[in-house]
Amino acid sequence: MGKVSKIEPRKGLDKASIKDGIKEHLRYTLAKDEFSKTEWDQYRSVVLAIMDRLHDKWLDSQQKYHNNDEKRVYYISMEFLIGRMLDNALINLGIQDDVREVLAEIGIDYDELREVESDAALGNGGLGRLAACFLDSMASLGIAGYGYGIRYDYGIFLQRIIDGYQVERPDTWLRFGNPWDVIRPHTLYPVHFYGQSVPYHDEEGNLRFRWENTQKVMAVAYDMPVPGFKNDVVNNLRLWKAASPKSIDLSSFNQGEYINAVRDMQLHENISRVLYPNDKVFVGQELRLKQEYFLVTATLQDIIHRYKKKHSDMTKFHEKVAIQCNDTHPNLAIPELMRILMDEEGFDWDTSWGITTKTIAYTNHTILPEALEKWPVSLMRNMLPRHLQIIYEINRRFLDDVHARYGDDINRVRRMSIISEGEQPSVQMANLGIVGAHKVNGVAALHSKLIVKTIFKDFYEMMPEKFTNKTNGITPRRWLRQCNPELATAITDKIGEGWTTNLSELKKIDKLATNKTFVKKFAKIKYDNKVKLANHIKDELGVDINPDSIFDVQIKRIHEYKRQLLLAMHTIALYNRIKANPDAPFTPRTVIIAGKAAPGYTMAKLFIKFINSVGDVINNDPEVGNKLKMVFLPNYSVSLAEKIIPAADLSEQISTAGMEASGTGNMKFALNGAVTIGTLDGANVEIKEEVGDENIYIFGLKVEEIDEIRQRGYNPWDHYHASEELRKVVDQIRSGFFTPDQPNLFDTISHTLLDGGDYYMLMADFDAYVQAQKDVEALYNDTDKWFKVAIHNVARIGKFSSDRTISDYASEIWGLDGFKHS
């Protein structure tokens with residue numbers, strides 16, 4: 001008889017052990033059986049069985065980092081757009097197919113089970129999704145990496161479309177709890193606000209400061225596992241939840257103060273209640289600043305606590321700790337680490353500054369000056385008095401250096417000051433980050449080039465060695481292996497699985513772009529994905545979609561600079577062509593748009609209504625039929641992106657040149673065989689370099705051309721009069737063609753395009769965009785050539801793996817051994 005393998009319900013990765021684990025948790029953890037279980041119970045029992053398998057690796061990884069005294073990397077971000085966890089965990093453990101089979105054996109459909117999971121939507125868009133990709137890559141590369149964020153009770157809002165308008169609803173992702181996290185009730189730290197900074201002299205006569213009479217909140221840790229790909233590494237994402245420092249004082253009940261006690265407790269807990277309140281209102285600003293400091297101080301206290309388990313010399317802190325601030329939001333880490341080192345550890349200024357600047361690095365994510373974060377001095381003086389004091393001293397010393405270098409160049413000093421001047425001075429968080437970090441990076445080659453020529457020019461001239469580029473990337477585990485398993489399998493069958501951790505290996509399929517068998521398989525996979533998406537659209541919106549049409553897709557946050565309006569205007573032009581000549585040849589097209597508008601962003605919300613109004617006219621016109629459709633899919637999320645991206649033919653990356661820092665959707669689409677139409681903006685520039693000019697459709701004004709036109713004087717009316725097709729589209733918007741019952745509804749849009757000056761250059765780029773779209777249609781109608789281009793895009797996109805990005809951070813910014821700069 002053969003040896004029977006031992007069933008290990010908690011640890012075993014074989015099917016029998018997994019099955020036993022699922023059954024045990026259903027009965028003994030959840031107290032349910034086959035008669036009383038719900039979908040949620042089934043899902044939770046599977047998750048708990050998977051968590052058992054992660055726990056061993058999780059504990060072993062952390063112990064290994066401790067024993068080996070490895071340098072730790074701490075990635076601090078206000079946002080982590082994680083998405084769903086189940087697929088990702090199973091793929092990285094290498095047991096997805098086995099779990100699918102086990103579930104089938106016990107009568108559970110895996111694909112239906114996946115839909116039970118809510119997205120962990122703890123982010124607004126690209127910033128948070130990038131952070132999630134980076135954590136996946138750190139774990140897959142075996143880096144001792146930790147994510148730190150906030151466990152928001154409510155993530156980004158749920159978007160409903162009612163009468164064409166966006167309506168926000170709260171995202172109650174935690175209504176049944178989160179089976180993927182583990183609360184650490186004894187890992188909690190005090191967080192202080194308000195009070196006064198009080199000077200005193202220590203025993204040696206040195207001037208010191210105490211932060212007194214503060215209000216205190218507690219930060220409680222919740223941990224989520226981050227498994228690497230088939231390498232037994234499980235890293236940690238620690239999310240902080242705000243809690244009252246004391247339970248309700250029942251004695252106050254007898255004094256009639258029970259309600260006040262409850263209210264105070266709830267005010268404390270509001271800090272982690274919701275992702276990013278609307279910062280247009282002062283009260284909202286105050287809560288946002290509280291969130292940022294709450295995240296930073298809890299994280300730094302935790303980092304120092306972990307460091308001190310092994311080390312007593314804080315002067316060597318930077319040798320074992322690297323902190324990366326994801327955008328300006330965590331840059332309060334600079335004055336907070338200074339405060340801890342001086343006020344609690346007793347170091348002098350120079351020693352503290354040396355430790356701080358060697359430890360912290362800062363990633364910039366914007367080139368728009370108006371998007372750079374600023375905090376009123378009055379607000380910070382009230383809430384964080386000691387930190388404002390430290391920031392003023394950082395600024396004083398820095399401006400002394402500027403004066404020493406450049407003399408009395410008052411304008412330069414004013415531009416470089418951390419504190420802006422005027423009646424209402426503010427703390428400029430980007431300037432603080434540049435002064436206090438040892439490295440500052442942009443997120444695409446063009447972005448990094450532009451920031452040192454524009455918003456950070458003065459800093460670059462003074463400290464060029466601080467600035468570097470780290471082009472963003474995406475994790476191939478989620479954005480190909482998970483979301484497009486058929487294509488992933490087809491690629492693996494040809495070149496092996498190595499691409500999953502070394503995406504540049506995809507170059508091996510480049511030669512298959514003319515292999516008829518592979519092209520046929522590739523085309524069928526794309527078609528099947530389009531049918532799946534068409535079925536989803538039918539279920540969601542009741543609109544019939546032609547899967548033979550070009551799936552023309554733009555999915556991202558709704559914003560004027562991203563120019564969803566330009567895509568809508570082109571769709572109107574296509575509609576007008578059909579109406580003018582219904583019998584003329586026409587390449588069928590389905591325009592698919594998804595994205596959320598910030599609740600306070602009136603124009604972006606109007607765009608959503610406009611897109612839906614145009615879609616209603618087109619989709620219900622019998623003369624158009626299945627030639628043209630335009631749909632807006634509600635509640636864009638990571639999970640929805642995973643459905644849309646594998647089905648896309650055309651990837652719309654059409655932002656005004658010079659305004660998109662990088663973008664990562666462009667990378668995800670290309671990896672899944674979509675062809676890009678775009679401007680020379682963000683990472684499009686590098687994608688063009690990688691895939692080749694003949695395999696991407698670039699149009700529109702370049703950054704320097706836009707600057708030149710603006711200096712010369714730009715008049716959008718010139719384009720209106722010069723282009724008949726553009727003129728008709730704009731006239732339809734002006735006349736209320738798409739909303740005859742409310743003819744003036746879109747006056748704001750037409751005004752922005754014409755008399756408002758067309759800041760985002762839609763009128764100037766329209767004709768070039770239309771021509772590029774005609775070129776796309778010509779290619780799509782030559783099937784062999786289309787799929788050749790699509791396969792070249794997949795094969796040549798390997799540079800844009802987040803594994804490559806993280807390796808670059810590790811070698812050039814974090815000082816980790818064993819990583820070479822690419």
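1. Let me start with Tyr43, which counts as buried at 2% relative accessibility. This is a predicted model, so read every value here as computed from it. Tyr43 shares helix 2 (residues 39-67) with Trp40, three residues away, about one turn of the helix. Trp40 is buried as well, with a relative accessible area of 18%.

2. How are the rings of Trp40 and Tyr43 arranged? Their centres are 5.3 Å apart and the planes make 40 degrees, so I'd call the pair tilted. That angle falls between the cut-offs, under 30 degrees for stacked and over 60 for edge-to-face. A search of the whole structure turns up 26 aromatic pairs.

3. Another pair to look at is Phe518 with Phe522, also tilted, at 6.4 Å centre to centre and 40 degrees between the planes. Both residues sit in helix 21 (residues 516-541), four residues apart, or about one turn of the helix. Both are buried, too.

4. Aromatic contacts also link up into a group. Tyr74, Tyr146, Tyr148, Tyr189 and Trp240 make up one aromatic cluster, so have a look at those five names together when you open the model.

5. Two rings have a charge over them. Over the ring of Tyr222 sits the charged end of Arg151, 3.9 Å from the ring centre. Trp479 has the charged end of Lys668 over its ring, in this case 4.5 Å from the centre.

6. On to the cysteines: how many disulfides are there? The count comes to zero. Take Cys133: its sulfur has its closest cysteine sulfur in Cys483, 11 Å away, which is too far for a bond. The cut-off for a disulfide is 2.5 Å between the sulfur atoms. Going the other way, Cys483 is in no disulfide either, and its nearest cysteine sulfur is that of Cys133, again at 11 Å. Both cysteines are tucked away from the surface by the accessibility criterion: Cys133 counts as buried at 1% relative accessibility, and Cys483 counts as buried at 10%.

7. For charged pairs, the whole-structure search finds 64 salt bridges. One of them joins Glu212 to Arg210, with the closest N and O atoms 4.0 Å apart. The cut-off is 4 Å, so I'd keep that value in mind when you look at this pair. Glu212 is partly exposed at 28% relative accessibility, and Arg210 is partly exposed with a relative accessible area of 40%.

8. Within helix 14 (residues 385-406), Arg396 and Asp400 are four residues apart, so about one helical turn separates them. They form a salt bridge in which the closest N and O atoms are 3.2 Å apart. Which side of the burial cut-offs do they fall on? Arg396 is partly exposed, with a relative accessible area of 43%, and Asp400 counts as partly exposed at 41%.

9. Lys538 and Asp544 also meet through their side chains in a salt bridge, 3.2 Å from N to O. Lys538 counts as partly exposed at 38% relative accessibility. Beyond single pairs, salt bridges with shared partners connect Asp409, Arg412, Arg415, Lys457, Asp458 and Glu461 into one network.

Notes. Residues numbered from 1 in each chain as written. Predicted model: local features only at pLDDT ≥ 70, side-chain atom pairs only at ≥ 80, totals over all residues. Heavy atoms only, no water. Phe/Tyr/Trp six-rings, centres within 6.5 Å; stacked < 30°, edge-to-face > 60°. Helix = DSSP H or I, 4+ residues; strand = E, 2+ residues; numbered from the N terminus. Buried < 20%, exposed > 50% of the residue type's maximum accessible area, 1.4 Å probe, protein only. Lys NZ or Arg CZ within 6 Å of the ring centre and 35° of its normal.
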